Amino acid sequence: MVLRKGEHFEVIFIVTEARYQVLVNRKPFCTYKHRMPPQSVRDINVDGHLELQSLTVIGGPMIGNMTMPYMGYIPRDLGASRTISVQGFIPKNTKRFEIKFMAGQDIALRINPRMKERTVVRNSFLNGRWGPEENDLPFNPFQYGQYFELSIHYDKHEFQIYTNGHPFFNYAHRYIPIEHIRTLKITGDVTLSYIKY
């Protein structure tokens, strides 16, 4: 039993086409196949001896249907230090996808998971030219049939990327001034469920 009296916990239910995936404290706990179409589920009932601190439904009816390619504008009021969260799902036929932070036509950072190569390439496209690629990472969190959560924090020095709550990589800025980075663009074989600025 992973839940203990007197201890805080977090339970996440991820709804896929075939089943629920249940995470407890960000770790896989179990899966449960649908017995009725998930689109017909309208209520969440929490009952018993517990103190509920928060309940958040992310994505709602848009889960699995967010328009691709995605393009969003980064609000100016985030200031020079900001965090953007992206959550999505990697279908089994995925070959590659890209997450790009752009300033006009320049790409300040491109995060490019390549599934067959089992690598994640990072680069910048500035003044019409690609820079040197970075692809050395201890692990690749993007796996077929799995959900991912990417948190991108950046300040005046670098991008700091976290995946599923753990540090993933840092990427020193090649584009200055960072205040001109105003567009987030996501393309490729990925299903988006949630983006938060």
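**A salt bridge as a way into an all-strand chain**

D136 and R122 are joined by a salt bridge in which the closest N and O atoms lie 3.6 Å apart. D136 sits in the loop between β9 (129–130) and β10 (147–154), while R122 belongs to strand β8 (residues 119–126), so the pair ties together parts that are 14 residues apart in sequence. The two partners are differently placed with respect to the surface. D136 has 59% relative accessibility and therefore counts as exposed, whereas R122, with a relative accessible area of 2%, is buried. The model in which this pair is seen is a predicted one.

The count of salt bridges comes to 6. Shared partners join E98, K100 and R110 into one network of salt bridges. Within that network, the side chains of K100 and E98 meet at 3.3 Å, N to O, and both of these residues are buried. Another salt bridge links R114 to E117, with 3.8 Å between the closest N and O atoms. Here R114 counts as buried because its relative accessibility is 14%, which falls under the 20% limit. E117 counts as exposed because its relative accessibility is 52%, which is over the 50% limit. As a general matter, side chains of opposite charge can pair when their charged atoms come close.

The chain as a whole provides the setting for these pairs. It has 14 strands and 0 helices, so that the succession of elements from the N terminus is β-β-β-β-β-β-β-β-β-β-β-β-β-β. Along the principal axes, the C-alpha atoms fill a box of roughly 60 × 35 × 30 Å. Of the 197 residues of the chain, 39% count as buried. The accessible surface comes to about 12800 Å², and carbon and sulfur atoms account for 51% of that area. Among contacts in the chain with a separation of 6 or more, 54% are between residues 24 or more positions apart.

Two open sheets may now be taken in turn. In general, the strands of a sheet pair through backbone hydrogen bonds, either parallel or antiparallel. One open sheet consists of 3 strands in the order β1-β2-β3, with antiparallel pairing. Its edges are formed by β1 (11–15) and β3 (27–33); each has a single partner strand, so one side of each is left without a neighbour in the sheet. From one strand to the next, the twist averages 20°. β1 and β2 form a hairpin with 3 residues between them. Strand β2 comprises residues 19–24 and runs antiparallel to β1, to which it is joined by 5 bridges. Two positions show how the strands face each other: I12 stands opposite L23 in β2, and I14 has Q21 of β2 as its bridge partner.

The other open sheet has 5 strands in the order β12-β11-β10-β5-β14, again with antiparallel pairing. β12 (166–172) and β14 (191–196) are the edge strands; because each has a single partner strand, one side of each is left without a neighbour in the sheet. Neighbouring strands of this sheet are turned against each other by 20° on average, direction ignored. Strand β5 (residues 82–89) pairs with β10 in the antiparallel sense over 8 bridges. One position of this pairing is I84, whose bridge partner in β10 is I152.

Strand β10 also holds Y154. This tyrosine is buried, which follows from its relative accessible area of 0%. A distance of 31 Å separates the C-alpha atoms of Y154 and T16, residues that are 138 positions apart along the chain.

The nonpolar interior completes the picture. In soluble globular proteins, nonpolar side chains tend to be buried together. The largest nonpolar core of this chain has 33 residues, of which F101 and F159 touch the most other members. Which residues are in contact with F159, leaving aside its neighbours within four places in sequence? They are F101, A108, L109, I152, H153, Y154, F169, N170, Y171, H173 and I181. Two residues already met appear among these contacts of F159, namely I152 and Y154. I152 is the bridge partner of I84, and Y154 is the buried tyrosine of β10.

Notes:
Residues are numbered from 1 along each chain as its sequence is written. This is a predicted model: local features need pLDDT of at least 70, side-chain atom pairs count only at pLDDT 80 or more; totals for chains, interfaces and linings use all residues. Side-chain values use heavy atoms; hydrogens and water are left out. A nonpolar core is a set of buried Ala, Val, Leu, Ile, Met, Phe, Trp, Tyr and Cys residues joined through side-chain atoms within 4.5 Å. Buried means under 20% relative accessible area, exposed over 50%, partly exposed in between (1.4 Å probe, protein chains only). Contact means heavy atoms within 4.5 Å. Two strands pair if DSSP finds at least two bridges between them. Helices (H or I, at least four residues) and strands (E, at least two) are DSSP runs, numbered from the N terminus. Axes are lines fitted to C-alpha atoms, for helices over the stretch in contact, and angles run from 0 to 180 degrees between N-to-C directions. A salt bridge is a side-chain nitrogen of Lys or Arg within 4 Å of a carboxyl oxygen of Asp or Glu. Accessible areas come from the Shrake-Rupley method with a 1.4 Å probe; for residues, only the protein chains shown count as cover.
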